[in-house]
Amino acid sequence: MADLKKIYDQYFQDIYLFALSLSRNEQIAEEITQETFFKALKNIEQFKGNCKISVWLCQIAKNTYYSYMDKQKRLATDDRPDRASGFDIEKHFVDKAETLRIHKLLHGLDEPYKEVFTLRIFGELSFDHISQVFGKTESWARVTFHRARHKIKVLMMEE
């Protein structure tokens with residue numbers, strides 16, 4: 001364990017700067033650096049010593065960064081309106097009559113769908129803030145919102 005602390009102290013700055021050069025964002029670089037050392041700690045027995053430990057850590061950081069970016073792209077895609085089906089629930093709020101209709105359908109939804117949808121659409125809270133309200137993960141907030149949106153969409157199409 002003392003060796004791992006020594007590795008952390010010795011290479012933290014290098015890995016952080018490497019992550020910063022990839023992301024060009026201090027917050028993302030900090031996140032990538034923490035995740036890199038966490039993964040290194042979990043998999044230290046896989047380090048064979050064939051290369052410098054700094055190279056091994058940078059490889060983990062690079063892979064972590066690319067995984068992070070893939071996840072961000074996937075989440076951004078999930079946030080786009082459902083244009084493929086030609087149905088964009090947010091656009092329906094422009095029309096006041098449709099808004100009343102959606103409010104009535106929303107009133108019939110179970111929790112937590114009703115509250116998550118309300119916080120997202122009417123409260124304009126981010127998924128991060130919604131997750132903090134419920135003490136859950138950001139992914140949970142996204143999934144719950146999308147399920148709520150899907151339920152309302154299905155109910156609207158049934159009418």
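**Aromatic contacts and helix faces in an all-helical chain**

Tyr8, Phe12, Tyr16 and Phe37 form one aromatic cluster. The model in which this cluster appears is a predicted one, and its chain is made up of seven helices and zero strands, so that, by the definition of these elements, the order from the N terminus on reads α-α-α-α-α-α-α. Of the 159 residues of the chain, 31% count as buried.

The structure holds nine aromatic pairs. In one of them, the rings of Tyr8 and Phe12 have their centres 5.3 Å apart and their planes at 45°, and the pair is therefore tilted. Both residues belong to helix α1 (residues 2-23), where Tyr8 and Phe12 are separated by four residues, about one turn of the helix. This spacing can be read against the general geometry of such elements: an α-helix has 3.6 residues a turn, so residues three or four places apart point the same way. Tyr8 is partly exposed, with a relative accessible area of 36%, and Phe12 is likewise partly exposed, with a relative accessible area of 26%. A further tilted pair is made by Phe134 and Trp140, whose ring centres lie 5.1 Å apart and whose planes meet at 50°. Phe134 has a relative accessible area of 24% and is partly exposed, and Trp140, at 22% relative accessibility, also counts as partly exposed.

Aromatic rings also take part in contacts with charged side chains. The charged end of Arg120 sits over the ring of Phe145, at 5.9 Å from its centre, while Lys151 lies over the face of Tyr113, 4.6 Å from the ring centre.

Helix α2, which comprises residues 26-42, was examined for its length and for the placing of its buried residues. At 1.5 Å a residue, the 17 residues of α2 should span 24 Å, and the end C-alpha atoms of the helix are indeed 24 Å apart, which agrees. The buried residues of α2 are Ile28, Ala29, Ile32, Thr33, Thr36, Phe37 and Ala40. Seen down the axis of α2, these buried residues fall within an arc of 165°, so they line one face of the helix. Phe37, which is buried in α2, is also a member of the aromatic cluster with Tyr8, Phe12 and Tyr16. The face of α2 that is turned away from the buried side carries the exposed residues Gln27, Gln34 and Lys42. At the start of the helix, a side-chain oxygen of Asn25 reaches to within 2.9 Å of the backbone nitrogen of Gln27. Leu41 is found in α2 as well and, at 41% relative accessibility, counts as partly exposed. Although Leu41 and Lys5 are 36 residues apart in sequence, their C-alpha atoms are 9.9 Å apart in space.

A comparable analysis was made for helix α6 (residues 127-134), in which Phe127, Ile130 and Ser131 are buried. These three residues cover an arc of only 100° around the axis, which puts them on the same side of α6. Helix α6 is followed by Gly135, whose phi is positive, near 70°. In helix α7 (residues 138-158), which contains Thr144, this threonine is buried, with a relative accessible area of 4%. Thr144 and Lys114 are 30 residues apart in sequence, whereas the distance between their C-alpha atoms is 9.5 Å.

With the cut-off for a disulfide set at a sulfur-to-sulfur distance within 2.5 Å, the count of disulfides comes to zero. Cys51 is in no disulfide, the nearest cysteine sulfur being that of Cys58, 9.9 Å away. For Cys58, too, the closest cysteine sulfur is the one in Cys51, and a separation of 9.9 Å is too far for a bond. Both residues are partly exposed: Cys51 has a relative accessible area of 36%, and Cys58 has a relative accessibility of 21%.

Methods:
Residues are numbered from 1 along each chain as its sequence is written. This is a predicted model: local features need pLDDT of at least 70, side-chain atom pairs count only at pLDDT 80 or more; totals for chains, interfaces and linings use all residues. Side-chain values use heavy atoms; hydrogens and water are left out. Helices (H or I, at least four residues) and strands (E, at least two) are DSSP runs, numbered from the N terminus. The expected span of a helix is 1.5 Å times one less than its number of residues. Buried means under 20% relative accessible area, exposed over 50%, partly exposed in between (1.4 Å probe, protein chains only). The arc is that of the directions from the helix axis to the C-beta atoms. A polar contact is a pair of N or O atoms within 3.5 Å; within protein, one must be able to donate a hydrogen and the other to accept it, and residues adjacent in sequence count only if both atoms are side-chain atoms. Rings of Phe, Tyr and Trp (its six-membered ring) pair if their centres lie within 6.5 Å; planes under 30 degrees apart count as stacked, over 60 as edge-to-face and the rest as tilted. A charge sits over a ring if NZ of Lys or CZ of Arg is within 6 Å of the ring centre and within 35 degrees of the ring normal.
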